[in-house]
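Opening the notebook on a new model. I want to look up a few spots one by one and jot down what turns up.

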Amino acid sequence: MACFIVPAAEAVVTSVITRVVKTREKKEVVKLTAEDGTSCDAVKIRFSRKLGWLNKLLIGGSGLLAFEHFWHGEVLPYFPFLTAVRDGETAGMLTEMGTTGVAMAGFVTAVWCGMLVVSSMIEKRVLNASARQEGAKA
């Protein structure tokens, strides 16, 4: 019925947080050296960009769910927009939002946390490899 509203609301919150974090962030540049001796500057992935990943996951998932609910006639293009509200099943709708919607938003956020762990491991691996090459040259 309305389970897509919870991830959509989280997407709105993450959009606001992303904008606030983006204004306060500083660019972190790291110097990397390759095996052949060439060096380059690499920019660490900013947290605002990582929050953008979460935002895109939430918007995409809730958008697809909203379309699916619209396709099945549970969402209307006119007021009150949800058939549950029109038919007097508001309690059932709120229950679904509290169970299914929260579970979906939590699962997407958990997947995003996994993405953060993997990206952090990749960044550390690249930095450690560069540091080992610098140490071998010295």
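Started at the beginning of the chain: Met1 sits in the segment before α1. Helices here are DSSP runs of H or I with at least four residues, strands are runs of E with at least two, and both are numbered from the N terminus. I got 23% relative accessibility for Met1, so I logged Met1 as partly exposed. My cut-offs are under 20% relative accessible area for buried, over 50% for exposed and partly exposed in between, with a 1.4 Å probe and protein chains only. I also checked Met1 against Phe79: the two are 78 residues apart along the chain, and their C-alpha atoms are separated by 15 Å.

Ground rules, before I forget. This is a predicted model, where local features need pLDDT of at least 70 and side-chain atom pairs count only at pLDDT 80 or more, while totals for chains, interfaces and linings use all residues. Residues are numbered from 1 along each chain as its sequence is written, and side-chain values use heavy atoms, with hydrogens and water left out.

**The Phe79 to Pro80 step**

Phe79 came up again, as the peptide bond from Phe79 to Pro80 is cis, with omega near 10°. I placed Pro80 in the loop between α2 and α3 (83–86). Phe81 is found in that loop between α2 and α3 too, and it has a positive phi of about 70° although it is not a glycine. I noted both because most residues other than glycine have a negative phi, and most peptide bonds are trans. Phe81 counts as partly exposed because its relative accessibility is 43%.

**Salt bridge**

How many salt bridges does the count come to? I found 1 salt bridge, taking a side-chain nitrogen of Lys or Arg within 4 Å of a carboxyl oxygen of Asp or Glu. Arg86 makes it with Asp87, and the closest N and O atoms are 3.4 Å apart. Both partners came out partly exposed: Arg86 at 44% relative accessibility and Asp87 at 46%.

**Helix α2**

Next I ran along α2, residues 47–71, which has 25 residues. From first C-alpha to last it reaches 36 Å, close to the 36 Å expected at 1.5 Å a residue; the expected span is 1.5 Å times one less than the number of residues. I listed Ser48, Lys50, Leu51, Gly52, Leu54, Asn55, Leu58, Ser62 and His69 as buried in α2. For reading such a list, an α-helix has 3.6 residues a turn, so residues three or four places apart point the same way. After α2 comes Gly73, with a positive phi near 85°.

Is Arg49 buried or exposed? Arg49 lies in helix α2, and I call it exposed because its relative accessible area is 57%. Its C-alpha and that of Cys113 are separated by 13 Å, with the two positions 64 residues apart along the chain.

**Surface patches**

Arg49 also turned up in a patch of positive charge on the surface, together with Arg19, Lys22, Lys27, Arg46 and Lys56. Helices α1 (5–24) and α2 each supply at least two residues of this patch. My patches take residues with over 30% relative accessible area and no salt bridge, joining like charges within 9 Å and nonpolar side chains (Val, Leu, Ile, Met, Phe, Trp, Tyr) within 5 Å.

The nonpolar patch I found is Leu57, Phe107, Val111 and Met115, with about 340 Å² of accessible area together. Areas are Shrake-Rupley with a 1.4 Å probe, and for residues only the protein chains shown count as cover. Which helix gives the largest share of the nonpolar patch? It is α4 (residues 90–137), with 3 residues. Met115 has its place in α4 and counts as partly exposed because its relative accessibility is 31%.

**Last look, α4**

Leu116 lies in α4 as well, and it is buried because its relative accessible area is 18%. I finished with Leu116 and Val126, 10 residues apart along the chain, whose C-alpha atoms are separated by 15 Å.

Notes:
Lys and Arg count as positive and Asp and Glu as negative; His and the chain ends are not counted. The place of a charge is taken as NZ of Lys, CZ of Arg, CG of Asp or CD of Glu.
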